[in-house]
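Look at the chain below and turn it slowly. The paragraphs after it go through the model part by part.

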Amino acid sequence: MLGECHAHIIMDGKNYKAAVSLHKNGVADGPIREHLEAWQQAGVTFVRDGGDALGVSVRARELAPEYGIDYRTPVFAIHKKGHYGGIVGHAFCDRKEYRELVLRAKREGADFIKIMISGIMEFDQFGVLNEEGLAGEEIREMIETAHDMGMKVMAHGNGNGPVRAAIEAGLDTLEHGNYLEQDTLDMLAESHTIWVPTLAPTGNLLGTGRYPDEEVEKILRRQMNCIRHVFDKGGRLGLGSDAGAWMVPHGQGLLDEYAWMKQAVGPENTAELDQRLSASEKWIKKEMKR
Ligand SMILES: [Zn+2]
(Lines give C-alpha, C1' and ligand atoms only; values in the text may rest on other atoms or scores of the structure.)
Protein backbone atom coordinates (compact mmCIF):
# COMPACT_ATOMS: atom_id res chain seq x y z
CA MET A 1 0.00 0.00 0.00
CA LEU A 2 1.23 3.48 -0.86
CA GLY A 3 1.74 6.04 1.91
CA GLU A 4 -0.44 9.03 2.79
CA CYS A 5 1.53 12.14 1.82
CA HIS A 6 -1.05 14.74 2.91
CA ALA A 7 -3.20 14.31 6.02
CA HIS A 8 -4.59 16.28 8.96
CA ILE A 9 -4.93 14.06 11.98
CA ILE A 10 -6.46 16.94 13.97
CA MET A 11 -9.55 16.70 11.71
CA ASP A 12 -11.94 13.78 11.34
CA GLY A 13 -13.51 14.09 7.89
CA LYS A 14 -16.86 15.00 9.46
CA ASN A 15 -16.92 18.10 11.59
CA TYR A 16 -13.81 20.23 11.76
CA LYS A 17 -14.80 22.33 14.76
CA ALA A 18 -15.92 19.40 16.85
CA ALA A 19 -12.76 17.43 16.01
CA VAL A 20 -10.46 20.32 16.98
CA SER A 21 -12.36 21.03 20.19
CA LEU A 22 -11.49 17.54 21.49
CA HIS A 23 -7.95 18.88 21.99
CA LYS A 24 -8.78 22.27 23.44
CA ASN A 25 -7.76 21.30 26.99
CA GLY A 26 -4.61 19.53 25.86
CA VAL A 27 -3.93 16.89 23.25
CA ALA A 28 -6.31 13.92 23.56
CA ASP A 29 -4.83 10.54 22.60
CA GLY A 30 -8.21 8.89 21.94
CA PRO A 31 -9.02 10.45 18.57
CA ILE A 32 -5.37 10.25 17.48
CA ARG A 33 -5.26 6.51 18.18
CA GLU A 34 -8.56 6.05 16.38
CA HIS A 35 -7.16 7.63 13.22
CA LEU A 36 -3.82 5.80 13.45
CA GLU A 37 -5.79 2.57 13.73
CA ALA A 38 -7.79 3.43 10.61
CA TRP A 39 -4.55 3.81 8.66
CA GLN A 40 -3.15 0.63 10.12
CA GLN A 41 -6.28 -1.24 9.01
CA ALA A 42 -5.93 0.21 5.51
CA GLY A 43 -2.32 -1.02 5.39
CA VAL A 44 -0.81 2.46 5.43
CA THR A 45 2.70 2.61 6.92
CA PHE A 46 3.72 6.17 6.05
CA VAL A 47 1.83 9.40 6.85
CA ARG A 48 2.84 13.02 6.29
CA ASP A 49 0.72 15.52 8.22
CA GLY A 50 0.18 19.19 7.32
CA GLY A 51 0.58 20.34 10.92
CA ASP A 52 -1.63 22.08 13.46
CA ALA A 53 -1.36 24.72 16.16
CA LEU A 54 -2.23 22.40 19.07
CA GLY A 55 0.52 19.77 18.96
CA VAL A 56 -1.80 17.00 17.79
CA SER A 57 0.34 15.90 14.84
CA VAL A 58 3.46 15.90 17.04
CA ARG A 59 1.73 13.55 19.48
CA ALA A 60 0.63 11.42 16.53
CA ARG A 61 4.27 11.11 15.50
CA GLU A 62 5.09 9.82 19.00
CA LEU A 63 2.30 7.23 18.98
CA ALA A 64 2.59 6.16 15.32
CA PRO A 65 5.34 3.52 15.76
CA GLU A 66 2.89 1.50 17.91
CA TYR A 67 0.80 1.20 14.74
CA GLY A 68 3.75 0.45 12.47
CA ILE A 69 3.52 3.93 10.97
CA ASP A 70 6.35 6.28 10.06
CA TYR A 71 4.80 9.70 10.78
CA ARG A 72 6.08 13.12 9.66
CA THR A 73 4.95 16.58 10.62
CA PRO A 74 5.93 20.23 10.11
CA VAL A 75 4.59 20.73 13.71
CA PHE A 76 2.47 23.70 12.51
CA ALA A 77 1.80 25.39 9.17
CA ILE A 78 2.92 28.97 8.54
CA HIS A 79 0.63 31.54 6.93
CA LYS A 80 0.64 35.29 6.46
CA LYS A 81 -1.54 37.22 8.85
CA GLY A 82 -4.92 38.03 7.32
CA HIS A 83 -4.61 35.19 4.80
CA TYR A 84 -5.89 31.62 4.66
CA GLY A 85 -4.27 29.10 7.01
CA GLY A 86 -5.31 30.03 10.53
CA ILE A 87 -6.91 26.64 11.10
CA VAL A 88 -3.61 24.77 10.85
CA GLY A 89 -0.91 27.00 12.25
CA HIS A 90 0.71 30.29 13.15
CA ALA A 91 0.86 33.64 11.36
CA PHE A 92 3.63 36.05 10.47
CA CYS A 93 3.46 39.73 9.48
CA ASP A 94 6.90 40.36 8.01
CA ARG A 95 10.04 38.49 7.00
CA LYS A 96 11.55 38.71 10.46
CA GLU A 97 8.50 36.99 11.98
CA TYR A 98 8.50 34.42 9.20
CA ARG A 99 12.11 33.55 9.97
CA GLU A 100 11.28 33.22 13.65
CA LEU A 101 8.45 30.80 12.86
CA VAL A 102 10.75 28.66 10.72
CA LEU A 103 13.25 28.60 13.58
CA ARG A 104 10.50 27.74 16.04
CA ALA A 105 9.24 24.87 13.88
CA LYS A 106 12.78 23.57 13.62
CA ARG A 107 13.29 23.87 17.36
CA GLU A 108 10.02 22.04 18.04
CA GLY A 109 11.09 19.14 15.85
CA ALA A 110 9.60 19.85 12.42
CA ASP A 111 10.44 17.31 9.72
CA PHE A 112 9.95 20.05 7.09
CA ILE A 113 8.30 23.47 6.76
CA LYS A 114 4.66 23.82 5.66
CA ILE A 115 3.63 27.15 4.16
CA MET A 116 0.31 28.47 2.93
CA ILE A 117 0.67 30.57 -0.23
CA SER A 118 -2.94 30.88 -1.38
CA GLY A 119 -6.57 30.22 -0.54
CA ILE A 120 -8.92 27.34 -1.23
CA MET A 121 -11.63 26.63 -3.79
CA GLU A 122 -15.14 27.92 -3.51
CA PHE A 123 -16.82 24.60 -4.29
CA ASP A 124 -20.07 26.22 -5.33
CA GLN A 125 -18.39 28.18 -8.10
CA PHE A 126 -15.98 26.70 -10.63
CA GLY A 127 -12.85 28.81 -11.15
CA VAL A 128 -13.12 30.81 -7.94
CA LEU A 129 -10.69 30.81 -5.00
CA ASN A 130 -11.52 32.41 -1.66
CA GLU A 131 -8.43 34.60 -2.01
CA GLU A 132 -5.79 35.42 -4.56
CA GLY A 133 -2.74 34.35 -2.61
CA LEU A 134 0.58 35.93 -1.73
CA ALA A 135 2.81 37.92 -4.08
CA GLY A 136 5.37 35.97 -6.10
CA GLU A 137 8.33 37.78 -4.58
CA GLU A 138 7.18 36.97 -1.06
CA ILE A 139 6.62 33.30 -1.89
CA ARG A 140 10.09 33.07 -3.38
CA GLU A 141 11.61 34.54 -0.23
CA MET A 142 9.65 32.19 2.05
CA ILE A 143 10.89 29.11 0.21
CA GLU A 144 14.47 30.33 -0.06
CA THR A 145 14.58 31.26 3.62
CA ALA A 146 13.42 27.78 4.68
CA HIS A 147 15.89 26.13 2.29
CA ASP A 148 18.72 28.31 3.61
CA MET A 149 17.86 27.05 7.07
CA GLY A 150 18.18 23.47 5.87
CA MET A 151 14.47 22.68 5.68
CA LYS A 152 12.48 21.22 2.79
CA VAL A 153 9.15 22.92 1.98
CA MET A 154 5.59 21.65 1.53
CA ALA A 155 3.30 24.40 0.17
CA HIS A 156 -0.47 24.65 0.10
CA GLY A 157 -1.06 26.42 -3.20
CA ASN A 158 -3.90 27.00 -5.65
CA GLY A 159 -4.09 29.41 -8.56
CA ASN A 160 -1.58 29.94 -11.35
CA GLY A 161 0.43 32.94 -10.10
CA PRO A 162 1.39 31.81 -6.60
CA VAL A 163 2.11 28.24 -7.69
CA ARG A 164 4.27 29.37 -10.58
CA ALA A 165 6.34 31.54 -8.25
CA ALA A 166 6.75 28.63 -5.84
CA ILE A 167 7.93 26.21 -8.52
CA GLU A 168 10.40 28.81 -9.79
CA ALA A 169 11.73 29.17 -6.25
CA GLY A 170 12.45 25.43 -6.07
CA LEU A 171 9.47 24.27 -3.98
CA ASP A 172 9.78 20.65 -2.84
CA THR A 173 6.13 19.52 -2.72
CA LEU A 174 3.08 21.33 -4.08
CA GLU A 175 -0.23 20.53 -2.39
CA HIS A 176 -3.56 20.87 -4.24
CA GLY A 177 -2.45 23.07 -7.18
CA ASN A 178 -5.90 23.65 -8.60
CA TYR A 179 -6.44 26.05 -11.52
CA LEU A 180 -2.95 25.87 -13.01
CA GLU A 181 -2.43 27.02 -16.60
CA GLN A 182 -0.65 25.15 -19.36
CA ASP A 183 2.72 26.90 -19.07
CA THR A 184 2.83 26.34 -15.32
CA LEU A 185 1.91 22.68 -15.77
CA ASP A 186 4.77 22.33 -18.25
CA MET A 187 7.13 24.01 -15.83
CA LEU A 188 5.91 21.78 -13.01
CA ALA A 189 6.46 18.65 -15.11
CA GLU A 190 10.04 19.67 -15.83
CA SER A 191 10.84 20.77 -12.26
CA HIS A 192 11.88 18.62 -9.29
CA THR A 193 8.70 19.70 -7.44
CA ILE A 194 6.47 16.78 -6.43
CA TRP A 195 2.79 17.52 -7.07
CA VAL A 196 0.25 16.13 -4.57
CA PRO A 197 -3.01 17.17 -6.28
CA THR A 198 -5.49 15.94 -3.60
CA LEU A 199 -8.51 14.89 -5.66
CA ALA A 200 -10.47 13.26 -2.82
CA PRO A 201 -11.68 16.44 -1.07
CA THR A 202 -13.26 17.50 -4.37
CA GLY A 203 -14.33 14.12 -5.77
CA ASN A 204 -15.84 12.91 -2.51
CA LEU A 205 -18.21 15.91 -2.49
CA LEU A 206 -20.10 14.49 -5.48
CA GLY A 207 -23.53 13.28 -4.56
CA THR A 208 -23.45 14.71 -1.04
CA GLY A 209 -25.66 17.69 -1.85
CA ARG A 210 -23.43 20.09 0.04
CA TYR A 211 -22.46 21.93 -3.18
CA PRO A 212 -23.91 21.80 -6.70
CA ASP A 213 -22.52 18.63 -8.32
CA GLU A 214 -22.21 20.44 -11.64
CA GLU A 215 -19.63 22.88 -10.22
CA VAL A 216 -17.78 20.22 -8.23
CA GLU A 217 -17.62 18.04 -11.34
CA LYS A 218 -16.04 20.90 -13.33
CA ILE A 219 -13.38 21.49 -10.65
CA LEU A 220 -12.62 17.77 -10.48
CA ARG A 221 -12.46 17.27 -14.27
CA ARG A 222 -10.17 20.25 -14.73
CA GLN A 223 -7.77 18.99 -12.06
CA MET A 224 -7.80 15.48 -13.54
CA ASN A 225 -6.95 16.84 -16.99
CA CYS A 226 -4.06 18.82 -15.50
CA ILE A 227 -2.78 15.69 -13.76
CA ARG A 228 -2.94 13.77 -17.01
CA HIS A 229 -0.95 16.52 -18.73
CA VAL A 230 1.81 16.51 -16.08
CA PHE A 231 1.82 12.71 -16.01
CA ASP A 232 2.24 12.52 -19.79
CA LYS A 233 5.12 14.96 -19.60
CA GLY A 234 6.91 12.82 -17.04
CA GLY A 235 6.29 15.00 -13.95
CA ARG A 236 6.62 13.87 -10.36
CA LEU A 237 3.30 13.02 -8.69
CA GLY A 238 2.61 12.15 -5.06
CA LEU A 239 -0.35 10.48 -3.37
CA GLY A 240 -2.04 12.48 -0.63
CA SER A 241 -5.75 12.66 0.13
CA ASP A 242 -6.00 15.65 2.49
CA ALA A 243 -7.44 13.11 4.95
CA GLY A 244 -9.43 14.82 7.66
CA ALA A 245 -11.08 17.19 5.17
CA TRP A 246 -14.84 16.83 4.91
CA MET A 247 -15.81 13.39 3.51
CA VAL A 248 -12.18 12.23 3.45
CA PRO A 249 -11.74 9.79 6.35
CA HIS A 250 -8.29 8.66 7.46
CA GLY A 251 -7.44 5.38 5.76
CA GLN A 252 -10.37 5.15 3.34
CA GLY A 253 -9.54 8.64 2.03
CA LEU A 254 -6.24 7.39 0.66
CA LEU A 255 -7.94 4.51 -1.14
CA ASP A 256 -10.36 7.04 -2.64
CA GLU A 257 -7.48 9.30 -3.68
CA TYR A 258 -5.71 6.43 -5.39
CA ALA A 259 -8.88 5.53 -7.29
CA TRP A 260 -9.30 9.15 -8.47
CA MET A 261 -5.63 9.33 -9.50
CA LYS A 262 -5.90 6.14 -11.54
CA GLN A 263 -8.92 7.59 -13.25
CA ALA A 264 -7.02 10.83 -13.98
CA VAL A 265 -4.07 9.18 -15.73
CA GLY A 266 -6.13 6.45 -17.36
CA PRO A 267 -6.39 2.84 -16.12
CA GLU A 268 -3.91 1.70 -18.78
CA ASN A 269 -1.21 3.71 -17.00
CA THR A 270 -1.64 2.24 -13.52
CA ALA A 271 1.74 0.49 -13.46
CA GLU A 272 3.57 3.68 -14.45
CA LEU A 273 1.51 5.71 -11.96
CA ASP A 274 2.40 3.30 -9.13
CA GLN A 275 6.04 3.59 -9.99
CA ARG A 276 5.89 7.40 -10.08
CA LEU A 277 3.95 7.65 -6.79
CA SER A 278 6.26 5.33 -4.92
CA ALA A 279 9.35 7.15 -6.21
CA SER A 280 7.90 10.41 -4.85
CA GLU A 281 7.07 8.78 -1.54
CA LYS A 282 10.58 7.42 -1.30
CA TRP A 283 11.99 10.90 -1.88
CA ILE A 284 9.71 12.47 0.74
CA LYS A 285 10.61 9.78 3.28
CA LYS A 286 14.28 10.33 2.73
CA GLU A 287 14.37 14.14 2.46
CA MET A 288 11.51 15.48 4.58
CA LYS A 289 12.79 14.27 7.89
CA ARG A 290 14.23 16.07 10.90
ZN1 LIG B 1 -4.52 19.88 3.65
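Two residues are said to be in contact if their C-beta atoms, placed from the backbone, lie within 7 Å. This definition is needed for the first pair of helices, in a model that is predicted. In helix H4, the residues Arg-95, Tyr-98, Arg-99 and Val-102 meet Glu-141, Met-142, Thr-145 and Ala-146 of helix H5. Sorted by class, the residues of this contact are four nonpolar, one polar and three charged. Helix H4 covers residues 95-107 and helix H5 covers residues 136-148. Their axes lie 10 Å apart, and the helices pack at an angle of about 40 degrees. Angles under 35 degrees count as roughly parallel and those of 65 to 115 as roughly perpendicular, and H4 and H5 are therefore oblique to each other. The crossing of H4 past H5 is right-handed.

Now step back to the whole chain. How many helices and strands does the protein chain have? There are eleven helices and nine strands. The radius of gyration is 17 Å, close to the 19 Å that the globule rule gives for 290 residues, so the protein chain is as compact as a globular protein of that length. Taken along the principal axes, the box filled by the C-alpha atoms of the protein chain is roughly 45 × 45 × 35 Å.

The strands can be followed sheet by sheet. One open sheet has three strands in the order E1-E2-E3, and the pairing is parallel. Which strands are at its edges? They are strand E1 (4-7) and strand E3 (70-72), and each of these pairs on one side only. Direction ignored, neighbouring strands of this sheet are turned by 20 degrees against each other on average. Strand E2, made of residues 46-49, runs parallel to E3 and is joined to E3 by three bridges. One residue to find here is Arg-48, whose bridge partner in E3 is Arg-72.

Another open sheet has six strands, again with parallel pairing, and its order is E5-E4-E6-E7-E8-E9. Its edge strands are strand E5 (89-92) and strand E9 (194-196), each of which pairs on one side only. On average, neighbouring strands in this sheet are turned by 25 degrees against each other, direction ignored. Within the sheet, strand E4 (residues 77-80) pairs with strand E6 (residues 113-116) in the parallel sense, over two bridges. Ala-77 has Lys-114 in E6 as its bridge partner.

A helix also lies across part of this region. Helix H6, residues 160-168, lies across strand E7 (153-157) and strand E8 (173-176). Helix H6 runs at about 165 degrees to E7.

Two further helix pairs can be read in the manner of H4 and H5. Helix H2 (residues 29-41) packs against helix H3 (residues 56-63) at an angle of about 60 degrees, and their axes are 10 Å apart. That angle makes H2 oblique to H3. H2 and H3 have a right-handed crossing. On the H2 side, Asp-29, Ile-32, Arg-33 and Leu-36 make the contact; on the H3 side, Val-56, Arg-59, Ala-60 and Leu-63 do. The contact of H2 with H3 holds five nonpolar, no polar and three charged residues.

The other pair is helix H7 (residues 182-190) and helix H9 (residues 213-232), whose axes come within 9 Å and cross at roughly 45 degrees. H7 and H9 are therefore oblique to each other. Their crossing, too, is right-handed. Which residues of H7 and H9 make the contact? From H7 they are Leu-185, Leu-188 and Ala-189, and from H9 they are Cys-226, His-229 and Val-230. By class, the contact of H7 with H9 has five nonpolar residues, one polar residue and no charged residues.

Methods:
Residues numbered from 1 in each chain as written. Predicted model: local features only at pLDDT ≥ 70, side-chain atom pairs only at ≥ 80, totals over all residues. Pairing = 2+ DSSP bridges. Helix = DSSP H or I, 4+ residues; strand = E, 2+ residues; numbered from the N terminus. Axes fitted to C-alpha atoms, helices over the stretch in contact; angles between N-to-C directions. Parallel < 35°, antiparallel > 145°, perpendicular 65-115°, else oblique. Left-handed = near helix turned anticlockwise from the far one by under 90°. Nonpolar A, V, L, I, M, F, W, Y, C, P; charged D, E, K, R; others polar. Rg over C-alpha atoms; globule rule 2.2 N^0.38 Å.
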